[in-house]
Amino acid sequence: MKKSRLRFIAPIAVVTALALAGCSTSNLGGTADADPAAEAGPIKIGAVLDVTGVGASLGVPEQNTLTMLAKQLNADGGIDGRDVELTIVDNQSTEDGAAKATSKLIESDKVDLIIGASRTGPSLAMRPIAEAAKVPMISVAANIAIVEGSQWVFKTAQNDVVVIERILDDAKAKGYTKLALVRDATGFGEGVADYITKLGAERGITLVMTEAFEPSATDFTPQMTNVRGSDADAVIIWGINPSAGLAQKAYVQLGVNKPVYHSHGISNQAFFDAAGDAANGVIAPMGRLLVADQLAADNPQSTVIDQFKADYSKAYSEQPSGFAGHAFDAWHIAVNAIDAVGTDPEALRTELETAKWTGISGVFKMTAKNHSGLDASALILAEAEDGRWNLLKD
Amino acid sequence: MLTDFLQLTVAGLSQGSVYALLAVGLIAVYTVRHVINIAQGEFAMLAGLGSAWLVAAGMPLFLGVLVAILTVTLVAIAMERLIIARVKKLTPLTSIILTLGVSTLLQAIMLLAWGPEAKGVPLFPGTNILIGGVSIRSQEFWMIGALVVVGGGIVLFYEKSRWGKALRACAEQPVAARIVGISPVAASVLAFAIAGFVGAVAGVVASPIYLSLWSGGVLLGLKGFVAAVLGGFVSFRAAIVGALLLGMIEAYVAGYVASGLRDGAAFLILILVLVVRPQGLVLKPTAVRV
């Protein structure tokens with residue numbers, strides 16, 4: 001064969017394949033003025049979710065939940081006799097996909113409210129668009145940066161800060177003073193090391209090492225080898241599945257032999273699917289959904305959780321995950337607010353700022369300052385054992 | 001320190017074994033048909049997802065794996081018969097466009113059939129071992145073993161068997177090969193069958209620890225492509241060595257520099273090789289050696 005030809009063809013092959021891998025670049029940009037809400041006709045709710053790509057284990061159950069709830073609501077006569085039209089767009093777990101989808105929902109579909117995205121990175125990409133267009137948005141992702149200082153953006157997943165506090169409190173009680181962090185390299189893991197350093201200092205805990213991994217990563221040997229060589233007493237793995245589950249598997253297989261904490265990003269079956277037996281002994285803060293059968297009888301969330309579990313498993317023949325719960329809460333907070341004040345954006349925004357909701361992920365109390373509405377009481381500590389979660393501390 | 005280095009080396013070798021098998025498939029097709037098969041990585045994912053599905057449905061592990069590998073081999077043959085063979089004037093550029101289409105098609109089928117979430121085949125039997133602080137996972141033996149048996153088998157096949165020699169003849173002297181009675185159709189089918197087979201083997205041995213995902217084939221295929229370029233797209237041996245080196249370099253970069261640079265390392269190597277040494281690791285670049 002001719003070498004010169006390979007020299008020419010190879011770059012074309014790579015560029016084509018990379019283009020295929022999903023580097024779409026077009027962006028609608030620009031923002032139209034918010035459509036003056038017509039208080040008649042269907043109510044339009046848009047959702048931007050990570051249905052495919054690295055966030056699929058979050059986006060799929062969220063999509064299922066919203067579809068199910070919209071169907072239920074319309075079967076019950078909608079809101080004030082108006083049907084709810086739900087448009088779900090897949091952002092392919094990318095930031096530009098999320099931005100594009102948000103612009104489309106606002107400009108062409110003229111939605112009254114947007115739910116999403118599933119992960120922090122895409123949610124952060126959506127925030128400025130929703131803010132500029134003055135359309136209320138409820139993210140279902142974790143990082144507090146999504147809502148900090150925002151006017152129009154709210155969120156339902158428990159804040160990363162309270163999750164870290166919960167972990168650090170447990171670590172302190174067990175006498176660990178040195179922690180290592182292995183974190184998701186995208187938005188979800190941003191700032192986590194800083195919070196651990198800051199909040200750990202108050203508890204006499206230092207962060208001795210930080211390693212990162214891409215959510216698309218499959219091999220975790222380098223990170224776990226470095227952690228194994230560190231003098232940490234315990235390790236925090238901070239990510240979503242399947243990567244966090246694979247990281248846990250590598251952690252055990254490489255014999256790191258230190259106690260391990262995970263974030264609430266693993267509260268689904270995909271964790272056990274990816275980690276298998278290696279999941280045993282993992283401690284993680286999470287909402288109450290996955291330990292619903294172990295809650296005290298008078299827990300205020302029990303009723304709503306049991307109902308949701310029954311509805312979801314009937315519709316999809318599987319148990320809902322914590323992420324499905326975030327979507328459930330976002331939907332109900334949105335629908336309750338629209339039910340109360342209609343679809344005028346400013347009125348809706350003001351109503352959301354006073355929203356109260358006893359939901360799956362916790363008992364929400366939104367305020368003008370706190371657009372996330374959950375505190376540390378929304379979280380419990382659970383320990384994994386043979387494919388299920390045992391309630392450690394409520 | 002040494003323990004860490006060896007640990008990273010083990011991870012790199014097992015990961016590199018997967019790249020090597022994909023590179024073998026790419027070269028097998030390229031030498032006979034001058035087709036750059038963008039869909040090579042999809043073969044691996046198709047086999048991984050297929051066997052995960054079969055095993056989950058109750059089929060015994062090795063039977064499910066075998067069925068998946070054979071099915072993917074048939075898919076590769078069908079791709080040759082239905083698409084590649086129909087094109088009258090096949091240039092490498094049209095081959096890229098065609099196989100890109102096949103790759104997208106296979107991805108869409110996998111997405112529709114098995115959904116967007118990653119799935120894994122159960123771990124193959126075996127025990128993890130610990131030597132001097134270096135832990136070697138049983139599945140890593142399977143991955144390296146697959147390269148030794150399947151990759152080694154293909155190299156032997158090309159060098160010792162009549163069919164293999166016929167394939168080499170097609171690659172070196174297509175016209176002369178035809179004159180002496182070697183069927184170009186059979187050679188092409190065989191080359192695609194090999195590509196499908198090795199891709200599928202790579203996919204199933206890697207699936208238990210790296211999982212299979214509908215969209216995972218592109219990056220995996222590109223890593224195989226980098227390894228194939230290291231083999232100058234002609235030499236199996238150079239490509240296998242290159243693939244193992246690539247796996248190790250990735251592990252060292254991730255372990256000692258930054259894990260985010262891992263994938264970048266492969267493409268940096270690709271650029272360097274194409275600019276500085278387009279014949280790759282092949283020592284005697286004059287003759288076609290497969």
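Okay, helix 2 of chain A, and let's check its length. This is a predicted model, by the way. Helix 2 of chain A has 20 residues, and at 1.5 Å a residue they should span 28 Å. The C-alpha atoms at its two ends sit 28 Å apart, so the expected span and the model agree.

Is that helix mostly covered or mostly open? Mostly covered: of the 20 residues in helix 2 of chain A, 14 are buried. And right after helix 2 of chain A comes G77(A), with a positive phi, near 100°.

Let's zoom out to chain A. We've got twelve helices and 14 strands here. The radius of gyration of chain A is 22 Å, and the globule rule gives 21 Å for 394 residues, so chain A is as compact as a globular protein of that length. If you like boxes, its C-alpha atoms fill one of roughly 75 × 65 × 40 Å along the principal axes. Buried residues account for 57% of chain A's 394. Now take the contacts in chain A between residues at least 6 apart in sequence: 68% of them join residues at least 24 apart.

Last stop, the partner chain. How many residues does each chain bring to the contact? Chain A puts in 39 and chain B puts in 43. On the chain A side, the elements that each supply at least two residues include our helix 2 (56-75), along with strand 7 (206-213) and helix 7 (221-228). The largest share, though, is twelve residues from helix 1 of chain A. By class, the side of chain A that touches chain B has 22 nonpolar residues, eleven polar and six charged.

How values were computed
Residues numbered from 1 in each chain as written. Chains lettered and ligands numbered in written order. Predicted model: local features only at pLDDT ≥ 70, side-chain atom pairs only at ≥ 80, totals over all residues. Contact = placed C-beta atoms within 7 Å. Helix = DSSP H or I, 4+ residues; strand = E, 2+ residues; numbered from the N terminus. Nonpolar A, V, L, I, M, F, W, Y, C, P; charged D, E, K, R; others polar. Expected span 1.5 Å × (residues − 1). Buried ≥ 20, exposed ≤ 12 C-beta atoms within 10 Å, placed from the backbone. Rg over C-alpha atoms; globule rule 2.2 N^0.38 Å.
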